[in-house]
Every structure is written in structure tokens, then in C-alpha cells.
Amino acid sequence: MESPAAPAAQLTQQAGVHQGRRAPSTRHYRGILKFPVVRQLIRFTGVGIVCTAASLGLYALLRPWLGPQLANAAALVATSFLNTAMNRRLTFKITGQRRMARDHLHGLIVIAVALVITGSSLGILHWLRPEATVADELWTTTLSGFLATAVRFTMLRHWIFRRARHI
């Protein structure tokens with residue numbers, strides 16, 4: 001004879017819940033939103049807008065005292081924790097403390113890659129135009145930031161948060 005909890009356990013397994021984790025579900029989405037990567041890109045874009053605004057604001061604030069390269073590095077590192085935390089929670093729907101420290105450490109590596117991309121673009125700008133203004137630097141870091149963002153999303157999705165790729 002089965003216990004009263006047995007049918008509930010079977011329903012839970014059938015619904016896609018396994019060992020405390022939800023299985024990917026696309027049955028509620030239609031059109032292009034049925035693809036998890038599209039939903040993640042939309043959420044990633046929102047996080048990116050917030051973090052880019054914070055980073056550019058910090059850059060503009062720190063630039064007069066630190067110069068372009070150090071201001072860029074300080075702004076990226078300062079916003080990297082915000083970026084990783086927001087992407088972890090909002091883009092990839094990961095909650096809880098498990099692996100959080102490792103995720104943030106890996107997030108610093110991802111930010112280092114972004115720093116190489118944006119720092120190189122600033123170096124090239126000043127090599128081509130030594131008289132470049134802060135506005136020129138902001139445009140340069142923003143445009144090179146698009147490439148860095150594509151690299152960041154790829155690294156987050158396929159390396160750091162691969163466990164949540166299908167949510």
C-alpha cells in the first residue's frame with residue numbers, strides 16, 4: 001500500500017522538480033520568449049544598463065584624480081560585484097548562498113577580461129588622439145563595452161552560471 005505522500009512525490013517529479021531544483025519550463029512562453037537564452041539576454045540587458053550607468057558615473061567622477069586607465073579599472077572593479085550579484089539573481093535566477101563566493105571570484109575574472117578590452121580601447125584612443133577629452137574616453141569605453149558585454153554574457157552563461165543556462 002502506498003503512503004499518502006507517494007502520489008504527491010510522483011506529481012512533484014512529473015512537474016519537473018528534482019532534488020530541490022526546478023527543471024526548465026518553456027511551456028508558458030510563446031514565440032521567441034520560449035528560448036531561455038532570449039529571456040536571459042533581456043534580463044542581462046537590464047542589468048547591463050544599470051551597471052554601465054554606474055560604471056560611467058564612477059569613471060567620470062574618478063577620471064580627474066586617477067587618469068583614464070586607473071579610473072576605468074576602479075569603476076569596473078567597483079561595479080563588478082553589483083554586476084555579478086544582479087546577473088546571478090536576475091539573469092540566471094540563482095538564489096541562496098551556495099557557490100556565491102566562487103561566482104563572485106569568477107565574476108572578477110570576467111571583469112578582468114572586460115578591463116583588457118576597454119583598457120586597450122582607451123590606450124588606442126590616446127595613441128591615435130593624445131588630446132582626447134573625457135567625453136571621447138566615455139564614448140570609447142562605452143563602444144568597446146559592447147564587445148566586452150558580449151564576451152561577459154558568453155562567459156557568464158557558459159562558464160560561471162552554466163548550471164542555470166536553461167532557466
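**Notebook: helix packing, ring pairs and a few single residues**

**Entry 1: α2 against α4**

I began with two helices, and α2 and α4 turn out to be oblique to each other. The model I am reading is a predicted one. For the geometry behind that word, I looked up the axes: those of α2 and α4 come within 11 Å and cross at roughly 140 degrees. An angle has to be over 145 degrees to count as roughly antiparallel, so a crossing of roughly 140 degrees leaves α2 and α4 oblique. I also noted the hand, and α2 passes α4 in a right-handed crossing.

Next I listed who makes the contact. From α2 the residues include Val-37, Leu-41, Phe-44, Tyr-59, Arg-63, Pro-68 and Asn-72. From α4 they include Val-134, Glu-137, Thr-141, Arg-152, Phe-153 and Leu-156. Sorted by kind, the residues of this contact are 10 nonpolar, 7 polar and 4 charged.

**Entry 2: stepping back to the whole chain**

With one helix pair done, I wanted the overall plan. The protein chain has 4 helices and 2 strands. Read from the N terminus, the order is α-β-β-α-α-α. How many of the 167 residues count as buried, as a percentage? I found 34% for the protein chain.

I then checked how far along the sequence the contacts reach. Taking contacts between residues at least 6 apart in sequence, 66% join residues at least 24 apart.

**Entry 3: α3 against α4**

Back to the helices, this time with α3 as the partner of α4. The two pack at an angle of about 150 degrees, and their axes are 8 Å apart. What does that make them, oblique or roughly antiparallel? The call is roughly antiparallel for α3 and α4, because the cut-off for that word is over 145 degrees. Here too I noted a right-handed crossing, with α3 passing α4. The contact of α3 with α4 divides into 14 nonpolar, 9 polar and 4 charged residues.

**Entry 4: two residues of α3**

I picked Thr-118 to look at from inside α3, where it has its place. Thr-118 is buried, at a relative accessible area of 5%. Leaving out residues up to four places away in sequence, I find Thr-118 touching Asn-72, Leu-76, Thr-141, Ser-144 and Gly-145. Two of those names were already in Entry 1: Asn-72 of α2 and Thr-141 of α4 take part in the contact between those helices.

His-106 has its place in α3 as well. With a relative accessible area of 18%, His-106 counts as buried, since the limit for that is under 20%. Which residues does His-106 touch, not counting those up to four places away in sequence? I get Trp-159 and Ile-160. I also looked up a C-alpha to C-alpha distance: His-106 and Leu-156 are 8.8 Å apart in space and 50 residues apart in sequence.

**Entry 5: the aromatic rings**

Now for the rings. I searched the whole structure and it gave 3 aromatic pairs. I followed up Phe-92 with Phe-161, whose ring centres are 5.1 Å apart and whose planes stand at 35 degrees, so I logged the pair as tilted. Phe-92 lies in the loop between α2 (36-91) and α3 (100-128), while Phe-161 lies in the segment after α4 (134-160), so the pair ties together parts that are 69 residues apart in sequence. Buried or exposed? I checked both Phe-92 and Phe-161, and both are buried.

The pair also belongs to a group, as Phe-44, Phe-92, Phe-153 and Phe-161 form one aromatic cluster. I recognised Phe-44 and Phe-153 from the contact of α2 with α4.

**Entry 6: the loop between α2 and α3**

Since Phe-92 brought me to this loop, I looked at the backbone there. Lys-93, found in the loop between α2 and α3, has a positive phi of about 55 degrees although it is not a glycine. Lys-93 is partly exposed, with a relative accessible area of 38%.

Arg-99 is found in the loop between α2 and α3 too. Its phi is near 65 degrees, a positive value in a residue other than glycine. Arg-99 is partly exposed, and I noted a relative accessible area of 32%.

**Entry 7: a last look at α2**

I closed with Ala-74, which has its place in helix α2. Ala-74 is partly exposed, at 28% relative accessible area. Setting aside residues up to four places away in sequence, Ala-74 touches Leu-62 and Leu-66. Along the chain Ala-74 and Leu-62 are 12 residues apart, and their C-alpha atoms are separated by 8.2 Å.

Technical notes
Residues are numbered from 1 along each chain as its sequence is written. This is a predicted model: local features need pLDDT of at least 70, side-chain atom pairs count only at pLDDT 80 or more; totals for chains, interfaces and linings use all residues. Side-chain values use heavy atoms; hydrogens and water are left out. Rings of Phe, Tyr and Trp (its six-membered ring) pair if their centres lie within 6.5 Å; planes under 30 degrees apart count as stacked, over 60 as edge-to-face and the rest as tilted. Buried means under 20% relative accessible area, exposed over 50%, partly exposed in between (1.4 Å probe, protein chains only). Axes are lines fitted to C-alpha atoms, for helices over the stretch in contact, and angles run from 0 to 180 degrees between N-to-C directions. Angles under 35 degrees count as roughly parallel, over 145 as roughly antiparallel, 65 to 115 as roughly perpendicular and the rest as oblique. A crossing is left-handed if the near helix is turned anticlockwise from the far one by less than a right angle, and right-handed if clockwise. Contact means heavy atoms within 4.5 Å. Ala, Val, Leu, Ile, Met, Phe, Trp, Tyr, Cys and Pro count as nonpolar, Asp, Glu, Lys and Arg as charged, and the others, Gly among them, as polar.
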